[in-house]
Amino acid sequence: MQSMTKRFLTVALAGAALVLATSHAFADPIPGRIEEVTRTTIKVDGHTYKIEESTTLEDRSGSRIALTELTPGTPVELELSDDHLVDVKATVIR
């Protein structure tokens, strides 16, 4: 009986570790419009986010875009992970 309890606890703990490992998943994308862009920040709908080296800037098709293509009024979707800006998907008109 003790062996069965130990096996159950091992499985339960493994499941808990899996949940902890996946708890930092990306939230749903946040839609909005750009109000202001600098080299290091982007302001969308009243919230300012830091653009980090790891932040990707893409158009809707997934192609990389330059920071200069992000202008006030551009519709975007932001992906965040633990309050860090991970990805900016923009509707860019070329």
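Guide: Let's begin with a word we will need all the time: a strand here is a DSSP run of type E, at least two residues long, and strands are numbered from the N terminus. Threonine 56, for example, lies in strand β4. Please also keep in mind that this is a predicted model.

Visitor: Thanks! In what order do the strands of the sheet lie?

Guide: First, the general idea: strands of a sheet pair through backbone hydrogen bonds, either parallel or antiparallel. In this model, 6 strands make an open sheet, and reading across it gives β3-β2-β1-β5-β6-β4. The pairing is mixed.

Visitor: Which are the edge strands?

Guide: An edge strand pairs on one side only, and here that describes β3 (47-50) and β4 (56-59). As you step from one strand to the next, the twist averages 40 degrees.

Visitor: How do β1 and β2 run, parallel or antiparallel?

Guide: They are antiparallel, with 3 bridges joining β1 (residues 30-37) to β2 (residues 41-44). To see one pair of facing residues, find glutamate 36, which stands opposite lysine 43 in β2. The connection between β1 and β2 is a hairpin of 3 residues.

Visitor: And how many residues lie between β2 and β3?

Guide: There are 2 in that hairpin, and aspartate 45 in the turn has a positive phi of about 45 degrees. The pairing of β2 with β3 is antiparallel too, over 4 bridges. Look at threonine 41: its bridge partner in β3 is lysine 50.

Visitor: Which residues of β2 are on its covered face, and which on the uncovered one?

Guide: Ile42 and Val44 belong to the covered face, while Thr41 and Lys43 belong to the uncovered face.

Visitor: Let's go inside. Which residues of the largest nonpolar core touch the most other members?

Guide: The general idea is that in soluble globular proteins, nonpolar side chains tend to be buried together. Here the largest nonpolar core has 14 residues, and those with the most contacts to other members are Ile42, Leu70, Leu85 and Val88. Strands β2, β5 (75-81) and β6 (84-90) each give two or more residues to this core.

Visitor: What does leucine 70 touch?

Guide: Setting aside residues up to four places away in sequence, the partners of leucine 70 are Ile34, Val37, Ile42, Leu57, Ile65, Val88 and Ala90.

Visitor: Ile34 is in that list. Is isoleucine 34 buried or exposed?

Guide: Its relative accessible area is 3%, and because buried means under 20%, isoleucine 34 is buried. You will find isoleucine 34 in strand β1. Among the residues that isoleucine 34 touches, beyond those up to four places away, are Ile42, Val44, Leu70, Pro72 and Val76. The C-alpha atoms of isoleucine 34 and proline 75 are 6.6 Å apart, although 41 residues separate the two along the chain.

Visitor: What about threonine 56, where we started: buried or exposed?

Guide: Threonine 56 counts as buried, at 19% relative accessibility. Leaving out neighbours within four places in sequence, threonine 56 is in contact with Arg64, Val86, Asp87 and Val88.

Visitor: Now the charged residues. How many salt bridges does the count come to?

Guide: The count comes to 4 salt bridges. One of them pairs lysine 89 with glutamate 58, with 2.6 Å between the closest N and O atoms. This pair links distant parts of the chain, since lysine 89 is in strand β6 and glutamate 58 is in strand β4, 31 residues apart. Lysine 89 is partly exposed at 22% relative accessibility, whereas glutamate 58 is buried at 14%.

Visitor: Which residues join glutamate 58 and lysine 89 in one network?

Guide: Aspartate 87 also forms a salt bridge with lysine 89, at 3.3 Å from N to O. Aspartate 87 is buried, with 5% relative accessibility. Salt bridges with shared partners thus join Glu58, Asp87 and Lys89 into one network.

Visitor: Where are arginine 60 and glutamate 77, the other pair I noticed?

Guide: Their side chains meet in a salt bridge of 3.6 Å, N to O. Arginine 60 sits in the loop between β4 and β5, and glutamate 77 in strand β5, 17 residues apart. Arginine 60 is partly exposed at 41% relative accessibility, and glutamate 77 is partly exposed at 29%.

Definitions and conventions:
Residues are numbered from 1 along each chain as its sequence is written. This is a predicted model: local features need pLDDT of at least 70, side-chain atom pairs count only at pLDDT 80 or more; totals for chains, interfaces and linings use all residues. Side-chain values use heavy atoms; hydrogens and water are left out. Two strands pair if DSSP finds at least two bridges between them. Axes are lines fitted to C-alpha atoms, for helices over the stretch in contact, and angles run from 0 to 180 degrees between N-to-C directions. A nonpolar core is a set of buried Ala, Val, Leu, Ile, Met, Phe, Trp, Tyr and Cys residues joined through side-chain atoms within 4.5 Å. Buried means under 20% relative accessible area, exposed over 50%, partly exposed in between (1.4 Å probe, protein chains only). Contact means heavy atoms within 4.5 Å.
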